[in-house]
Amino acid sequence: MRVFLPTFTLCNIVSPLTSAALRRKREQGDKLTLQVKAEVADDGELTYAWYVSESGNVADAELVSRSDKNNTTCEVDTDKAGVWYYFCKIVNTLGESHTSANTQMIRVEVKPKAEPVQTEIAVRMPSVSSGI
């Protein structure tokens, strides 16, 4: 039995990702959802598991969400500032055989939330009794 590697497309919920768009910048607290679309040439079942790495290396990546056949999206954690690399591992299972492929890394930079600028303007008003 031959099991085919899944082919996939990374895309943002709003628009397809180009190679330049594999770098995402957000402020703390902003929402960012990553999505992958995959297909195979056989009748295998695809499952998806999302990972995040601080270094951009697969070897030290941590699981973000468990493998599931409907797990095609990943909500990026934007609670703290920093740079993280996300990818999805896609597994094609056909009978007892399986094969897998990883998507490209998506660099996500979360910038500190900008503090609101407070401006104080001092105005000297003439007194009402000065006759103006």
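Two strands pair if DSSP finds at least two bridges between them. Strands (E, at least two residues) and helices (H or I, at least four) are DSSP runs, numbered from the N terminus. The model is predicted, so that local features need pLDDT of at least 70 and side-chain atom pairs count only at pLDDT 80 or more, while totals for chains, interfaces and linings use all residues. Residues are numbered from 1 along each chain as its sequence is written, and side-chain values use heavy atoms, with hydrogens and water left out.

**Exercise 1. Describe the strand pairing around β7.**

Solution.
Step 1. The protein chain contains nine strands and zero helices.
Step 2. β4 and β7 run antiparallel and are joined by nine bridges. In β7, cysteine 88 is the residue opposite tryptophan 50.
Step 3. Six bridges pair β7 with strand β8 (residues 97–102) in the antiparallel sense. Lysine 89 has asparagine 102 in β8 as its bridge partner. The hairpin of β7 and β8 has two residues between the strands, and glycine 95 takes a positive phi near 65° there.
Step 4. β7 also pairs with β9, in the antiparallel sense, over five bridges. Here isoleucine 106 in β9 stands opposite tyrosine 86.

**Exercise 2. State how confident the prediction is along the chain.**

Solution.
Step 1. pLDDT is the predictor's confidence in each residue, from 0 to 100.
Step 2. For the protein chain the mean pLDDT is 79, and 80% of the residues reach 70 or more.
Step 3. Among the elements, strand β4 (residues 45–53) has the highest mean, 92, and strand β1 (residues 7–12) the lowest, 53.
Step 4. The pLDDT is below 50 over residues 11–21; in the model this stretch has 18 contacts (heavy atoms within 4.5 Å) beyond near neighbours in sequence.

**Exercise 3. Find the salt bridges and classify their residues.**

Solution.
Step 1. A salt bridge is a side-chain nitrogen of Lys or Arg within 4 Å of a carboxyl oxygen of Asp or Glu. The whole structure holds two salt bridges.
Step 2. One joins the side chains of lysine 113 and glutamate 27, at 3.9 Å from N to O. Because lysine 113 lies in the segment after β9 and glutamate 27 in strand β2 (residues 23–27), the pair ties together parts that are 86 residues apart in sequence.
Step 3. Arginine 107 and glutamate 109 also meet in a salt bridge, at 3.4 Å from N to O.
Step 4. Buried means under 20% relative accessible area, exposed over 50%, and partly exposed in between (1.4 Å probe, protein chains only). Glutamate 109, at 19%, therefore counts as buried. Arginine 107, at 24%, is partly exposed. Glutamate 27 is partly exposed at 30%, and lysine 113 is partly exposed at 44%.

**Exercise 4. Is threonine 78 buried or exposed, and which residues does it touch?**

Solution.
Step 1. Threonine 78 is located in the loop between β6 (73–75) and β7 (82–94).
Step 2. Its relative accessibility is 5%, so threonine 78 counts as buried.
Step 3. Leaving aside residues up to four places away in sequence, threonine 78 touches Glu27, Gln28, Gly29, Asp30 and Val110.
Step 4. Threonine 78 and lysine 111 are 33 residues apart in sequence, with their C-alpha atoms 8.8 Å apart in space.
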